[in-house]
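Got a minute to look at the empty spaces in a protein? Here is a quick briefing on pockets, cavities and cysteines, with the structure to hand.

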Amino acid sequence: MFLRMFVRTFLFAVLAIGTLSAAPLEVWIMPNGANPQGMLEQRLALFEKETGLKTKVVVLDWGEAWSTITHTLEGKAEAPAVLQLGTTWVSYFASRGQLASLDPILNKIQPERFVKASWNTTGTDGDPSIYSVPWFIDVRALLANKAILKLAGISAEDVATYEGFCKSLKKINDAKILRKDGSKVKAYAFPGKSDWNIPHNFAPWIWSAGGSFVLKDEKGKWHSNLMDPQTITGIASYLNFILDSLVNKTSLRDNTAQVVQRFNNGEVAFILNTTELVAQTRYKAAEGGLASSQISADGIEMMQVPMGKAGSICFIGGSNLAIPRSKANDPNAAKLLRFLLRDDNLDAYTKQIGFLPPVKEMLEDWAKDSAYQILISLLDNGKNYPNIPEWTLIKGTLVNLFSDIWSMLDIGGLYSEEAVYSTLLTYNQKINDILHAPTGSSPPLRLDEFLKIWNAATELLPTQISSGENSSASPAEDSGNFHKIGISIFVFLLAVFSSFIFTYMRKR
């Protein structure tokens with residue numbers, strides 16, 4: 001009897017020690033909004049209390065996250081129980097068999113809770129399985145400084161269309177509104193060369209014009225859509241902000257963080273960006289917020305992307321949660337995932353970071369907040385990038401494409417319609433090569449066809465000409481004369497030669 005009790009006590013002690021010494025369940029996240037780690041750890045404290053399981057939050061910087069996750073999911077390091085993935089990353093890792101299928105637990109996750117725009121990002125094209133679940137939604141809207149708009153006499157209705165937006169930018173630039181330090185307020189700014197947000201910034205203008213970066217044909221094959229007339233119109237409409245001197249071209253040398261900082265300082269009236277800034281103005285600096293900033297004093301107003309011929313179509317991204325394939329049979333990993341996706345935890349986390357929750361019922365509650373009401377209305381017409389494994393490579397190619405075009409505009413004398421045409425032809429083929437698109441799937445336009453579309457899209461309106469927002473380095477020389485500058489003989493010959501080589505190789 002004594003021996004039996006001793007054995008049972010010993011085994012109980014061993015099990016207790018094993019539980020105490022077990023490695024914590026790790027959650028890998030990226031830094032989103034104000035103090036995301038603190039809020040997540042606060043919620044996970046409830047999980048530990050409910051389950052007795054230990055957890056650990058690991059924060060990966062966005063700059064290193066891709067390489068770290070890739071290295072880990074290839075089996076070269078111990079994987080976390082749950083990890084955050086950008087919505088465009090899911091298809092890449094899922095197609096490589098590195099994510100656990102969540103099909104067995106879908107009934108517990110309840111897909112019907114989630115908005116369609118967000119649920120569209122949970123898998124990979126051509127595969128019906130679900131490999132991730134939405135965590136939060138990133139809706140890119142037009143953010144406006146309320147105080148500046150009031151001084152300029154501009155309302156949301158004034159900027160509802162592309163033409164109205166251009167007129168409003170000119171009105172702000174011409175008003176010569178001064179900040180407290182005596183510097184002039186600029187109407188609009190966006191990041192330029194090599195910034196990873198470049199495709200996100202171009203996308204709404206291209207989609208709203210009816211174009212797209214890539215397109216699937218009737219046979220289910222993807223190909224580049226860069227040379228589509230509507231895509232070209234969208235690209236031209238965005239470049240027009242620089243060509244018409246509505247935007248100071250010096251902003252092309254800034255990255256997203258620098259542009260956002262200028263907006264936060266009250267230096268710029270409009271930016272197209274993530275919505276986390278609204279939430280950040282409600283937190284003190286010690287909490288990672290912007291409560292003491294100029295933009296907090298001035299106020300932020302959310303607006304839809306100005307309408308093009310296809311309407312107002314905003315970029316919808318965000319992040320999902322997934323389980324690595326190596327943890328597919330770990331019941332604790334699934335338990336942790338379901339906990340994080342519980343309504344109370346989703347609501348608390350998204351309110352902390354300022355991105356929208358992906359659950360329909362929660363969005364109805366968020367819509368009561370006037371700051372987020374317009375964002376939620378945009379979800380119905382918003383658009384995601386396609387769920388194709390090649391998208392990460394295509395996105396890098398688009399960054400290079402638009403960086404090359406911005407370089408032409410930044411360096412006087414390099415811009416010409418012929419140079420843009422040649423550049424688009426080159427990258428159109430690069431994207432087709434990445435997609436292994438069938439030959440002839442997206443025949444390029446002739447130069448004369450391109451010029452007709454481009455010139456129509458960049459035709460100056462009387463209300464847009466000469467707003468004076470040119471480079472501070474040489475205001476007299478750079479004031480909206482890109483159409484008149486022409487290019488050097490070298491650049492022109494290079495463009496012609498490139499077009500000849502491309503045509504010759506295509507015929508071969």
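What follows is a short tour of the open pockets, then the enclosed cavities, then the cysteines. Keep in mind that this is a predicted model. The headline is a largest pocket of about 1100 Å³, and the lining of that pocket takes at least three residues from each of domain 1 (25-138 + 317-379) and domain 2 (140-315 + 387-459).

**The largest pocket**

- The volume here comes to about 1100 Å³.
- A set of 42 residues lines the largest pocket, and the closest to its centre are Trp62, Arg140, Trp196, Asn197 and His200.
- If you want to find the walls by element, the ones giving two or more residues to this lining are helices H3 (62-76), H11 (256-264), H12 (276-280) and H18 (391-410), along with strands S4 (133-139) and S11 (316-322).
- H18 gives the largest share of the lining, with 6 residues.
- Sorted by class, the lining of the largest pocket has 20 polar, 16 nonpolar and 6 charged residues.

**The second largest pocket**

- Next up is a pocket with about 480 Å³ of space.
- Its lining is made of 20 residues, and Tyr162, Glu163, Thr233, Lys309 and Ala457 sit closest to the centre.
- Four helices each put in at least two lining residues: H8 (162-175), H9 (198-208), H10 (229-243) and H20 (447-457).
- The largest share of this lining, 5 residues, belongs to H10.
- By class, you get 9 nonpolar, 8 polar and 3 charged residues around the second largest pocket.

**Enclosed cavities**

- How many cavities of 30 Å³ or more does the structure hold? There are 4 of them.
- The largest cavity has about 40 Å³ of space.
- Around the largest cavity you will find Thr87, Thr88, Thr121, Phe315, Ile316, Gly317, Asn384, Tyr385 and Asn387.
- That lining splits into 6 polar and 3 nonpolar residues, with no charged ones.

**Cysteines**

- Searching the whole structure for disulfides turns up 0.
- Is Cys166 buried or exposed? Cys166 counts as buried because its relative accessible area is 0%, and the cut-off for buried is under 20%.
- Cys314 has 1% relative accessibility, so Cys314 is buried too.

Technical notes:
Residues numbered from 1 in each chain as written. Predicted model: local features only at pLDDT ≥ 70, side-chain atom pairs only at ≥ 80, totals over all residues. Heavy atoms only, no water. 1 Å grid on protein atoms, 1.4 Å probe; cavity = no way out; pocket = protein on both sides within 12 Å on 5 of 7 lines; lining within 4 Å. Points joined across faces, edges and corners; volume = space filled by probe spheres on them. Nonpolar A, V, L, I, M, F, W, Y, C, P; charged D, E, K, R; others polar. Domains from an automatic or database assignment. Disulfide = S-S within 2.5 Å. Buried < 20%, exposed > 50% of the residue type's maximum accessible area, 1.4 Å probe, protein only.
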